[in-house]
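I opened a new page for this structure. I wanted to look at how its parts meet, then at one helix.

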Amino acid sequence: MARPHRNLVRDHGQDLRLFGTPAARTGLVAMLAVFAVLPTVVREDFWLSVLIYVGITAIGAIGLNLLTGYCGQVSLGHAFFIGAGAYCTAIAGGTLGLPLPLWLAAAAMVGAALGGLIGPFTLRLRGHYLAIVTLGLVFVGEHLWRNLRPVTGGNSGTSVTASTALGPVDLSRIEVAGEVYSRNQGWFWLVWALVGLTALLAKNLVRTRPGRALQAIRDRDQAAEVIGVRAGRYKIAAFMVSSAIAAVAGALFGAYQQFVSPDEWNLLLSIQYIAIVIVGGLGTIFGAVLGAIFVGALPALIDRYSDVIPGVQTSVGGDGFISVFALNQAIFGVLIVVFLVVEPRGLAGIWLRIKTYFRTWPFSY
Amino acid sequence: MTALLQNVFAGLSLGCTYALVALGFVVIYKATGVINFAQGGLLALGAYLGYTFSTSLAMAFAVAVVLACLAAAVAGAAVERIVLRRMVGQPPFAVIMITIGLLFVIEPVITAIWGFENLQVTNPWNIDTVTVGGLVLGVRDLWTIGLTAAAVVGFFLFFRHSDFGLAMRATAFDPEAALAQGISARRVYAVSWAIAAALAALAGITLAAGPGGLSPSIGFIALAAFPAMILGGVDSPTGAVLGGLVIGLVEALTRGYQDHLFAWAGDNVSVIVPYLIMILILLVRPYGLLGTRDVRRI
């Protein structure tokens, strides 16, 4: 009896499967293996911290991609929500001394609440306005962070001492069978597990009814309203979810770094996230993670190898014509422009093209 | 009273800078439907070109200003031709992101060429002042207001009474109908960018001649011109000028009375006042003071 090919999709349920094909299941197993083993292989603190920052960035980027990639709303205010999450953790994790799941949840709720508060003002305006209003949000936020001294410590910043204990296990110092794992290794597992969770959550959101509604709004909001999608509500909901995820990223950022100052939540951070979702691929969860790896690791790598890249100043007033900071900024800008002009679907688009080529081989075109 | 007038004068001077930048936003938005975040980059570029002509090449200041505006106009048109032309017909989101990307490219390029140091532009105004009835008026501020008025009047004469201005208005109104009448949309787009860049360059040079001098972050003042554009209405040139002046006045007055009235709001609250005004106007009149009401049927 003839069996259908494993790649053939015959009904909607099959189409919705997350890991439908054997190749995808193999990939999942491989990813889990890398997740479990990587920190024990890469023990150097520099690389581990780069990977942790990349993971935190990936969480934030998934949030922004829900809003920008799926709902089509450009937000430059992501840095504001990330900052809010970090300061929330300074209070919830530090002052109140809540355990890990609770300070993460607190940050998510604060982010969602702020998003729900700001969303209605901005999202009833279409297209361009949101970008400009959220741009204002970054500046207003920066002013708040500098002046709400009891919470944020003003210009000098505040320390974040959040507990990293998960039940009986302290992630800062995991002991398994006599083997002690360092803080960075524990944080790697925590952050990347959360990346997986966030990705799963976002994927489930976008492959079901709310996700289809968001994409309908992105493609044509009036048409979406005509077929019964409440565009206003969904936009605000998307904004809230995106802000909540951003706040979680901020919470992790603050707790890992143990110190935050208002200078970090500036426009460049928002632009970095925009660059990530564009480079990774708008409207794909996978792309947000890919983009975070690509763009998020760049500043750290440039900083580390600045002495071998020609023309880069390694110190203030040193040789070279461009500083590390300026080079980062220029690279974000160039990446945004080049990807939008040349490959609007981003790295995820390139990957999908390669995949399709081999899947349909030898009849590829 | 004198203090109030002094603040109003400072506000007018600042407002003129905003007005020039906002007018540039509106010109590009009307012609191409794009909100140009890279305006600040063009402003900084114009200011640095002004520095090169005026200080490095020791030209007469008036010549330097004109040359810098022309050079910035060419740069603006080139950006439109090389990057934005490819994006015609793409969703507005992608185009906005492109201009944001450009903004973040131009600034490091400027630091790579001219460095980070705060530069002083050779100019005939310096810190000279004239005293009129107890008011101390900076010569630079007077010139800023005068040059802005001249540029705005010139723009409106061009926009309303010249053939090309008519072509621009026609394209803004209906690009396809304009094309059918033989108007080259490409030239309209390029000229719109050139005009916006020249206006931004003028704003940049007058700003750089001021007490703050010239530093790479000078372009960020253009971001505060967004509220001016929104306040006036995104598609109204008159509104942009009006919005710029209002925002400048309110910002200067907030700064002037910071210690008396706004101490509770924290230091430097005047910096975010434009954005607060913008949020307020978006709540009350989303289409701005003079903008066209966006009609939607659903």
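How much area do chain B and chain A bury between them? I read about 3800 Å², with 78% of it on carbon and sulfur atoms. Buried area here is the accessible area (1.4 Å probe) that two parts lose on being put together, summed over both.

I noted the ground rules. This is a predicted model, where local features need pLDDT of at least 70 and side-chain atom pairs count only at pLDDT 80 or more, while totals for chains, interfaces and linings use all residues. Residues are numbered from 1 along each chain, chains are lettered from A in the order written, and side-chain values use heavy atoms, without hydrogens and water.

Next I looked up who touches whom. Chain B puts 45 residues into the contact and chain A puts in 41 (heavy atoms within 4.5 Å). I looked for salt bridges between the chains and found zero (Lys or Arg side-chain nitrogen within 4 Å of an Asp or Glu carboxyl oxygen).

Then I turned to a helix of chain A, α9 (residues 209-219; helices are DSSP runs of H or I, at least four residues, numbered from the N terminus). Its buried residues are G211(A), A213(A), L214(A) and I217(A) (under 20% relative accessible area, 1.4 Å probe, protein chains only). Seen down the axis of α9(A), they fall within an arc of 160 degrees (directions from the helix axis to the C-beta atoms), so they line one face. On the face turned away I found R209(A) and D219(A), both exposed (over 50%). Among the elements covering the buried residues of α9(A) I listed α3, α8, α10 and α11 of chain A.

Definitions and conventions: Helix = DSSP H or I, 4+ residues; strand = E, 2+ residues; numbered from the N terminus.
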